[in-house]
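Visitor: I am new to this structure and should like to understand how its features are named. May I put some questions to you while we look at it together?

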Amino acid sequence: MPTDVPTRHTAPEASAASPTQQRTVSPTADLPSPTARTRLAPLGARDRLVLFVLCAAQFMVALDFSVLNVALPVLGTDLGMSHSALQWAITAFALPSGGFLLLFGRVGDLYGRRRLFLTGLAVFGTASVLAAFAWNPASFLTGRALQGIGAAAIVPTGMALLTTTFPEGPQRARALGISGTLLSLGFTIGMVAGGTLTDTLGWRATMWLLALFTAVVLPLAPFLLTESRPATRPRLDIPGAVTVTGGLLALIYALSTAAEGGFARPDVIATLLIGPALLAAFAVVETRTTEPLVSLPMLRRRTIAWGNLGGLVTFSMMSTVVFLLTLYLQEVLGLTAFRTGLVFGAQGVVAVVTGALVPRVIGAIGARRTLAGSLLVQGAFTASLLAIGTGGASVWIATVAVSLACVGHLGAIISYGVTVTSGVPDKEQGLATGLVTSTQQVGSTVGIPLLGVLATASTDLVSGVRTAVAIDAGVLLTAGVLIAVGLRNRTSA
């Protein structure tokens, strides 16, 4: 298939070679561009299996983010957890999965991505079994926290293995397209599967589902994945690791807790102060160490800075829309949890089609234009949710609007992944993908407490949801314009 993304011609066998054979990257290496035409070579059988393993692992983690959402009331009754404690079923996973992403991405760069990926799978699978057998709240939350630690190892190393296995250009765009599709599908299917499994087999079946995925992926991974690490192993930046991990943990805790209890809680206020302070300390530490955890010049690259802004906005605004519509559909329109899941299930079909098309769009117009345009599409269809009301037709308005907004959302996920990882040497791909996945986690957390509180504070829930939706759409449209301008120069410096 003709595409427009410049790439090196690499045979399928060569594309799976050890990523330690690094490319020489110009400091002004550009994003995929439509200026040159190449033909995308078909993937070999081994490359397809590698892609299956890496994408299945990402899908499994995405599933974990949403599969428990509709099961929480039943879970709480079974384990004797109070309503206020139920938020920890989500927070116990979100804290380590987001807080350790950047650190584990760098550890994988230094000590071996394959090794850390396999370790993460083993921890995640064991933790899922523990959570499925949980006999009290403490054992369940321990399992969820260990799942989060496993996910923090799986996600950045899995993406780094993907971006170093598939060469920059059409092959990587297609691989990221499949990965992004499954990421969106995992979250959507998790909502539907969670309700179905809970109603038929009980909430424990949601944890067994995750254990089953691990049992499929883990035996295949050692035979398909090749190790990647630098020829010389630099020293790990311990002060940088402590400050950035602590800062992320504090920030994610504050935002996750505020989503349930508001911003006035003392622990939320304290962690909102501690998190930014630690991240500021991290920036200072990185300027004074000879072997920094994060290269500050790397963060100043246009593709890294603007690309991650796009990722932050698309994830935060879509997670907020899902939260707002879940509240609206059940409390205003009276839908059951299962029917609410079906409304979001329509996104799954859209995600499959969009995921197949976005790499072609990137090949035709470039990743920058695709990212900016996708945010504008997501913003426009989010704005169409302002038409919802209390009538029966609002269900269809919500279904169509959120499904079409998903077109822009998935386009932004794929194109920002391509944008951020383009022109980055193989030795820093773990760091780059760690930034990508940290952006996803923080983005998925930050929007709900900010806009969700605004919606629920209104005496009229419909009016509150409309106000929050209007702000959501405005943020997306503004970000689309800013990113189009910020990446207008064809340089990554």
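Visitor: Which element gives the largest share of the nonpolar patch?

Guide: This is a predicted model. Helix α16 provides the largest share of the nonpolar patch, namely 3 residues. The patch covers about 330 Å² of surface and is formed by Val377, Phe381, Val400, Leu404 and Val407. Two elements, α15 (367-383) and α16 (393-421), each give two or more residues to the nonpolar patch.

Visitor: What makes Phe381 partly exposed?

Guide: Phe381 is found in helix α15. The relative accessible area of Phe381 is 31%. Buried means under 20% and exposed means over 50%, with partly exposed in between. The value of 31% falls between these cut-offs, so Phe381 is called partly exposed. A patch residue needs over 30% relative accessible area, and Phe381, at 31%, therefore meets that condition.

Visitor: Which residues form salt bridges in this model, and how many salt bridges are counted?

Guide: The count comes to 2 salt bridges. Asp78 pairs with Arg204, and Arg265 pairs with Asp267. Side chains of opposite charge can pair when their charged atoms come close.

Visitor: Why is the contact of Asp78 with Arg204 called a salt bridge?

Guide: The rule asks for a side-chain nitrogen of Lys or Arg within 4 Å of a carboxyl oxygen of Asp or Glu. The closest N and O atoms of Asp78 and Arg204 are 3.2 Å apart, so the pair satisfies the rule. Asp78 lies in helix α3 (residues 72-79) and Arg204 in helix α9 (residues 204-224), so this pair ties together parts that are 126 residues apart in sequence. Asp78 has a relative accessible area of 42% and Arg204 has 25%. Each value lies between 20% and 50%, and therefore both residues are described as partly exposed.

Visitor: How do you know that Arg265 and Asp267 form a salt bridge?

Guide: Their side chains meet at 2.7 Å, N to O. The cut-off is 4 Å, so this pair also qualifies. Arg265 is partly exposed at 29% relative accessible area, and Asp267 is partly exposed at 23%.

Visitor: Why is Thr181 called buried?

Guide: Thr181 belongs to helix α8 (residues 170-200). Its relative accessibility is 8%. Buried means under 20%, so Thr181 counts as buried. In space, the C-alpha atoms of Thr181 and Ala351 are 5.6 Å apart, although the two residues are 170 residues apart in sequence.

Visitor: Is Pro170 buried or exposed, and what value decides it?

Guide: Pro170 is also placed in helix α8. With a relative accessible area of 5%, under the 20% limit, Pro170 is therefore buried. Pro170 and Arg360 are 190 residues apart in sequence, and their C-alpha atoms are 8.3 Å apart.

Visitor: What makes Leu101 and Leu385 buried?

Guide: Leu101, in helix α5 (residues 101-111), has a relative accessible area of 3%. Leu385, in the loop between α15 and α16, has 2%. Both values are under 20%, so both residues are buried. The C-alpha atoms of Leu101 and Val436 are separated by 9.4 Å, with their positions 335 residues apart along the chain counted as their sequence separation. For Leu385 and Ile397, 12 residues apart along the chain, the C-alpha separation is 7.0 Å.

Visitor: What is the volume of the second largest pocket, and which residues are closest to its centre?

Guide: The second largest pocket has a volume of about 470 Å³. It is lined by 19 residues, of which Leu102, Leu248, Leu435, Ser438 and Thr439 are the closest to its centre. Helix α13 gives the most to this lining, with 5 residues. The elements that each supply at least two lining residues are α10 (238-261), α11 (266-288), α12 (296-299), α13 (302-331) and α17 (429-457).

Visitor: How many residues of each class are in the lining of the second largest pocket?

Guide: The lining has 16 nonpolar and 3 polar residues, and no charged residues.

Definitions and conventions. Residues numbered from 1 in each chain as written. Predicted model: local features only at pLDDT ≥ 70, side-chain atom pairs only at ≥ 80, totals over all residues. Heavy atoms only, no water. Patch = residues over 30% accessible without salt bridge, like charges linked within 9 Å, V, L, I, M, F, W, Y side chains within 5 Å. Areas by Shrake-Rupley, 256 points an atom, 1.4 Å probe, with all protein chains shown as cover. Helix = DSSP H or I, 4+ residues; strand = E, 2+ residues; numbered from the N terminus. Buried < 20%, exposed > 50% of the residue type's maximum accessible area, 1.4 Å probe, protein only. 1 Å grid on protein atoms, 1.4 Å probe; cavity = no way out; pocket = protein on both sides within 12 Å on 5 of 7 lines; lining within 4 Å. Points joined across faces, edges and corners; volume = space filled by probe spheres on them. Nonpolar A, V, L, I, M, F, W, Y, C, P; charged D, E, K, R; others polar.
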